[in-house]
Amino acid sequence: MSTQKTLVLTRPAASSACVLERVKAVLGVSVTAITSPVMEIVATGGTPDLTGSDGVIVTSAHAVRGSLGGRPAYCVGQRTAEAVRAAGGLVRYQAPDADQLLRWLAGRDDVGAVIYMRGSHIATDLCGPLNTAGIPCSEVQTYRQDQLSLSASAIRMLEGEDAAILPLFSARSARLVGHAIAQQGPGLHVITISDAVANAWRDITGGTSEVSAMPTGDAMVDKIVAALRC
């Protein structure tokens, strides 16, 4: 068994590259890594029509398309908020996850009609509960998350005895990776961004994971760095 740890990144290519660079920056040294995205981000259609909306909901930076024209935006995550600002939106509230965003929005009476800019797959339904709560919400799909096959080298690392670290940032990626491997190798350390992702991984593989203290990219990077150092 090798004592060198390999970081296996399965996020979309740009997101995986970002995680790797952030980990390298904190460690100050090179990192042995295998990048094998299990999803590809594909834009769908043109600029969405936001006419008549009082604000937008954005839970991923990938969803932002075109100008937001100064509209209030309700976001999940720092990078999503940065993308919203770059598109001319006004970040009114930034939540760590979709569940907290939903709770906050449902308790407001000054939101107005909102449009949820989303991908083809979502973990949390927002429009249904918001409409029930009296907040008019419609959806526009601005991107797809197309499935990709896990590479042979990634599968060997995840199934094998050598030390590997697998961070999982969504329940869908946990399911896709879980279905792609025959077993969780004895040298594999899985880090999940939330209990929901940990549950998805356990349901498919029967394996355990270390859950991030907060459902944020920063907290995940902290966990990855700690795992590489120990």
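Two strands count as paired if DSSP finds at least two bridges between them, and the strands themselves are DSSP runs of type E with at least two residues, while helices are H or I runs of at least four residues, both numbered from the N terminus. With that in hand, here is one example to look at: C75 has Q94, in β6, as its bridge partner.

Before I go on, a word on where this comes from: it is a predicted model, in which local features need pLDDT of at least 70 and side-chain atom pairs count only at pLDDT 80 or more, whereas totals for chains, interfaces and linings use all residues. Residues are numbered from 1 along each chain as its sequence is written, and side-chain values use heavy atoms, with hydrogens and water left out.

Let me start with the whole protein, which has eight helices and 11 strands. Its radius of gyration (taken over C-alpha atoms) is 19 Å, close to the 17 Å that the globule rule, 2.2 Å times the number of residues to the power 0.38, gives for 230 residues, so the protein is as compact as a globular protein of that length. Along the principal axes, the C-alpha atoms fill a box of roughly 60 × 35 × 30 Å. Of the 230 residues, 45% are buried, where buried means under 20% relative accessible area, exposed means over 50%, and partly exposed lies in between, using a 1.4 Å probe and protein chains only.

Now to the sheets. Strands of a sheet pair through backbone hydrogen bonds, either parallel or antiparallel. One open sheet here has six strands in the order β3-β8-β7-β4-β5-β6, with mixed pairing. Its edge strands, each pairing on one side only, are β3 (39-43) and β6 (90-95). From one strand to the next, the twist averages 25 degrees, an angle taken between N-to-C directions on a scale from 0 to 180 degrees, with axes fitted to C-alpha atoms and, for helices, over the stretch in contact.

The bridge between C75 and Q94 that I opened with belongs to the pairing of β5 (residues 72-76) with β6, which run parallel and are joined by five bridges. Across β4 (55-58), β5 and β6 lies helix α2 (residues 78-86), running at about 170 degrees to β6.

In the loop between α2 and β6 we find G88. Is G88 buried, partly exposed or exposed? Its relative accessibility is 31%, so G88 counts as partly exposed. Leaving aside neighbours within four places in sequence, G88 is in contact (heavy atoms within 4.5 Å) with L68, G69, G70 and R71. As for R71, its C-alpha atom is separated from that of G88 by 7.7 Å, although the two residues are 17 apart along the chain.

Please turn next to β7 (residues 114-119), where six of the six residues are buried. Both faces of this strand are covered, with V114, Y116 and R118 on one side and I115, M117 and G119 on the other. Strand β7 pairs with β4 in the parallel sense over four bridges, and in that pairing Y116 stands opposite I57. Strand β7 is also joined by six bridges to β8 (residues 137-147), again running parallel, and there R118 stands opposite Q141.

The other open sheet I want to show has five strands in the order β2-β1-β9-β10-β11, with parallel pairing. Here the edge strands are β2 (33-35) and β11 (210-211). Five bridges join β9 to β10, and L166 has V190, in β10, as its bridge partner. Helix α5 packs on this sheet, touching β1, β2, β9 and β10, and its direction makes about 125 degrees with that of β1. Helix α7 packs on the sheet as well, touching β9, β10 and β11, at about 140 degrees to β10.

That brings me to the interior. A nonpolar core is a set of buried Ala, Val, Leu, Ile, Met, Phe, Trp, Tyr and Cys residues joined through side-chain atoms within 4.5 Å. Which residues of the largest nonpolar core touch the most other members? Of its 38 residues, they are V23, L158, L166, L168, V177 and W201. The largest share of this core, six residues, comes from α8. A second, separate core has 17 residues, including L105, V111, L130 and C137.
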